[in-house]
Amino acid sequence: MIEFIKRNKIFSGCLIVCLLVIATLTVRLIVKELRGDIEDDLPIIDVPSEKTDPQISLFSGEFHDDEDSISLIWDYQMNDHAFEKLELYHGETLIDTFTNEMETTISIFDYGLVTGSNTFELRLYYDEGIVVNVQTEVFVDYVFDIEMKAQAVDNNLGKGYLFTIEYQYNTNTPVGIPVIHINSSLSSSWDASYIGRKMQNRQGNYQSVIAYYMVYMNDLPNEEVTWDLSYDFRSVGVRVNDSYRENPQEAVFSTEDIQVSK
């Protein structure tokens, strides 16, 4: 064999090269198939996603002056965490604890609420006491529960038309006595005299007041009169309006005495 190789060096070299190429291609094919089998047999592994903390997606409130109350609403997503409870605070005062509720209504006379901006905080407890919290602001008007009236009187205050305005306010924010302005269909301006006021019910810091004003009329017109009124709480920048219509000749005058104080 050795002698054959020595005599046929060129042929032998070519044969060796061909054998090496075949061996290389065979090895590559085997490796490729092995790799393919391994990749096909590999199990699919799901990478676990991290838990997202619970979120309070909504928390807002509104003041209702016709009901002397504040309504609060909220919503939240637990994101697969364990729910424990919700707590509602005004400042550091705990108002209530909730489990399934998404809203509540509270009286403005409770929990130390004030005229102006009030801060409420919602605290969501989950996973053994971990807390998510959010705040909202609710504005309580300086003057609210306003009711305006007019009536013909002939009593201890005099004869004419008595205009009254009843309202509530927080004594921590004095609003003063409103200034009245009157225009009528008979005259561009009527002189209205402030007579006095009467202190009504008080709840906590909230005081209810009735203020009295008189338009004196000795000569009564025999036609319908329209009064356009405005009450101006100048110290807090609040102004409210009203209107009243009546024929003084047809009015029923009240003779009941009214006691007021300055």
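## Strand pairing exercises

Strands β8 (residues 143–155) and β9 run antiparallel and are joined by 11 bridges. Keep in mind that this is a predicted model. Let's work through two strands and their partners.

**Exercise 1.** Trace the pairings of strand β9, then find how many of its residues are buried.

*Solution.*
1. Start on the β8 side: Glu 147 has Glu 166 in β9 as its bridge partner.
2. Look at the connection next. β8 and β9 make a hairpin, with 2 residues between them.
3. Now turn to strand β12 (residues 206–216), which is antiparallel to β9 and linked to it by 11 bridges. Here Thr 164 is found opposite Tyr 212 of β12.
4. Finally, check burial, taking under 20% relative accessible area as buried. In β9, which spans residues 158–170, 11 of 13 residues are buried, so by that cut-off the strand is mostly covered.

**Exercise 2.** Which strands pair with β13, and what does the turn of its hairpin with β14 look like?

*Solution.*
1. Begin with β10 (residues 179–184): 6 bridges connect this strand to β13, and the two run antiparallel. Asn 183 faces Asp 228 in β13.
2. Move on to β14 (residues 238–246), which pairs with β13 through 9 bridges, again in the antiparallel sense. For Thr 226, the bridge partner in β14 is Arg 245.
3. Inspect the turn: the β13–β14 hairpin has 4 residues between its strands, and Gly 237 in the turn shows a positive phi of about 70°.
4. To finish, consider burial once more: β13 (residues 225–233) is mostly covered, with 8 of its 9 residues buried.

Note on methods:
Residues numbered from 1 in each chain as written. Predicted model: local features only at pLDDT ≥ 70, side-chain atom pairs only at ≥ 80, totals over all residues. Heavy atoms only, no water. Buried < 20%, exposed > 50% of the residue type's maximum accessible area, 1.4 Å probe, protein only. Pairing = 2+ DSSP bridges.
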